[in-house]
Amino acid sequence: MRNEMTCLVKAEPREGLWMHTAPVPEIGPDDVLIRIKKTGICGTDIHIWNWDDWAQSTVPVPLIIGHEFAGEIVEIGRNVEGLERGQRCSGEGHLIGKNSRQSRAGKFHLDPATRGIGVNEQGAFAQFLRLPAFNVVPLPDEIPDDIGAILDPLGNAVHTALSFDLVGEDVLITGAGPIGIMAAAVARHVGARHVVITDLNPARLDLAAQVADVVPVNVAEDNLRDVAHGLKMTEGFDVGLEMSGNQTALDQMVENLVMGGRIALLGIPPGKSPVDWSRIVFKAITIKGVYGREIFETWYKMIAMLQNGLDVSGVITHRFAATDFRDGFAAMKSGQSGKVVLDWR
Ligand code: NAD
Ligand code: ZN
């Protein structure tokens with residue numbers, strides 16, 4: 001009945017992405033076929049569009065890209081239990097191995113053999129996606145497809161924000177990109193006292209203040225220490241969530257943290273970056289690197305928080321039909337957007 005589908009493809013090893021047709025994927029006994037409704041454009045997809053060094057060394061060509069999605073199950077492999085046709089879902093885009101020490105310990109998100117849909121394997125920017133049933137996350141009725149399509153980056157935000165106990169703590173978030181903004185909303189939701197978010201881009205800081213009850217600080221203009229004093233913080237921030245990938249931001253975070261403070265690092269610096277480790281030692285700071293999200297504990301927590309009042313809907317600033325993907329990518333590249341969602345129906 002449906003043999004061909006439309007999909008967004010890295011078809012050639014150069015800048016750009018192209019809308020093609022491809023066969024609808026065949027599913028194996030442990031897979032489901034998902035009809036894609038909405039997808040989110042990620043910073044990763046911009047790297048793939050730009051065909052930078054990382055993309056060139058990582059992404060096979062041709063490849064259907066995209067890993068942030070919401071859709072509906074339309075076909076079920078013969079071994080799959082507990083899922084039905086018509087089930088609305090999102091899903092974990094990391095395809096894990098089952099043999100590593102970490103996987104066998106149940107820490108699926110730490111499996112070193114992980115492969116990403118839309119990065120190493122065929123992705124979700126298509127009318128249909130094949131996914132192992134294991135990776136499916138059913139969506140409750142109260143979570144709309146738009147939000148379902150951004151659960152992947154919300155998961156990054158939630159995993160990072162829940163790295164440390166935030167109840168009653170003063171939290172500094174560096175980088176008001178979509179993930180930093182969502183992490184700010186999560187930090188408030190779980191009971192942080194003050195949440196300060198920094199950026200250099202006024203549009204991003206405005207968006208942060210619209211989405212969450214946070215104190216936006218433009219570090220190009222304002223002094224972070226003055227802001228902290230204004231909030232009656234005497235010794236510095238208790239917890240830092242680094243979400244810019246910028247070296248200066250990390251430096252500033254270490255500088256403004258309390259003795260014994262804790263930092264979760266999600267932002268990815270472009271290369272090796274110099275760090276003054278002696279300050280980290282003398283301040284007795286704990287640093288945790290954060291990759292992806294916990295499979296599936298983060299999914300459980302974020303869905304529960306969305307059900308009990310966490311609202312990140314304002315972070316979606318642009319919506320386009322999938323055929324207008326060029327406009328979506330342009331919005332992302334402009335630096336003026338939050339999340340950009342494409343509609344595949
Ligand atoms: P983004 O690029 O949209 O946002 C980063 C923000 O940081 C931008 O708004 C930028 O203006 C701001 N910034 C730059 N320099 C700054 C400075 N000195 N101080 C404060 N802010 C500064 O990215 P995003 O999609 O929100 O993702 C956040 C980061 O997390 C990125 O580095 C991304 O690569 C990384 N990431 C990591 C993982 C992971 O698994 N570890 C997953 C997704 C994204
Ligand atoms: Zn993503």
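Strands, a zinc site and aromatic pairs

Strand β11 and strand β12 (residues 195–199) pair in the parallel sense, and four bridges join the two. The model in which this pairing is found is a predicted one. Within this pairing, valine 171 has valine 195 of β12 standing opposite. Strand β11, which spans residues 171–174, is covered on both faces, since Val171 and Ile173 on one side are buried and Leu172 and Thr174 on the other side are buried as well. That division into two sides follows the usual pattern, because in a regular strand the side chains alternate between the two faces of the sheet.

Another set of strands is arranged in a different sense. Here three strands form an open sheet in the order β2-β1-β4, with antiparallel pairing. The edges of this sheet are taken by β2 (18–23) and β4, and because each has a single partner strand, one side of each is left without a neighbour in the sheet. Strand β1 (residues 4–10) runs antiparallel to β2, and six bridges join the two. One residue pair that can be followed by eye is glutamate 4, whose bridge partner in β2 is proline 23.

Strand β4 leads on to the metal site, for histidine 67 has its place in the loop between β4 and β5. The zinc ion (ligand 2) is coordinated by Cys42 through SG, by His67 through NE2 and by Glu68 through OE, at 2.1 to 2.5 Å. Along the chain these donors of the zinc ion follow the spacing C-x24-H-E. Cysteine 42 lies in the loop between β3 (31–41) and α1 (43–50), while histidine 67 lies in the loop between β4 (63–64) and β5 (68–76), so the pair ties together parts that are 25 residues apart in sequence. Cysteine 42 counts as buried because its relative accessibility is 14%, and histidine 67, at 10%, counts as buried too. Leaving aside residues up to four places away in sequence, histidine 67 touches Cys42, Thr44, Asp45, Ile117, Ala124, Phe125 and Asp152.

What, then, of the cysteines and disulfides? A disulfide is a covalent bond between the sulfur atoms of two cysteines, and the count of disulfides in this model comes to zero. Cysteine 89 is in no disulfide, and the nearest cysteine sulfur, that of cysteine 7, is 19 Å away, which can be set against the cut-off of 2.5 Å for a disulfide. Cysteine 89 is also buried, with a relative accessible area of 0%.

The aromatic residues complete the tour, and a search of the whole structure finds five aromatic pairs. Among them is the pair of phenylalanine 134 and phenylalanine 296, which is edge-to-face, with 5.3 Å from centre to centre and 75° between the planes. This pair links distant parts of the chain, 162 residues apart, since phenylalanine 134 is in the loop between β9 (128–132) and β10 (136–138) and phenylalanine 296 is in the loop between β16 (286–289) and α11 (297–307). Are these two rings buried or exposed? Phenylalanine 134 counts as partly exposed because its relative accessibility is 35%, and phenylalanine 296, at 23%, likewise counts as partly exposed. The ring of phenylalanine 134 has a further partner, for the charged end of lysine 98 sits over this ring, 5.0 Å from its centre. Elsewhere in the aromatic set, Trp49, Phe325 and Phe329 form one aromatic cluster.

Key: Residues are numbered from 1 along each chain as its sequence is written. Chains are lettered from A and ligands numbered from 1 in the order in which they are written. This is a predicted model: local features need pLDDT of at least 70, side-chain atom pairs count only at pLDDT 80 or more; totals for chains, interfaces and linings use all residues. Side-chain values use heavy atoms; hydrogens and water are left out. Rings of Phe, Tyr and Trp (its six-membered ring) pair if their centres lie within 6.5 Å; planes under 30 degrees apart count as stacked, over 60 as edge-to-face and the rest as tilted. Buried means under 20% relative accessible area, exposed over 50%, partly exposed in between (1.4 Å probe, protein chains only). A charge sits over a ring if NZ of Lys or CZ of Arg is within 6 Å of the ring centre and within 35 degrees of the ring normal. Donors are N, O and S atoms within 2.8 Å of the metal (3.2 Å for Na, K and Ca); water is not among the atoms, so sites may look incomplete. Contact means heavy atoms within 4.5 Å. Two strands pair if DSSP finds at least two bridges between them.
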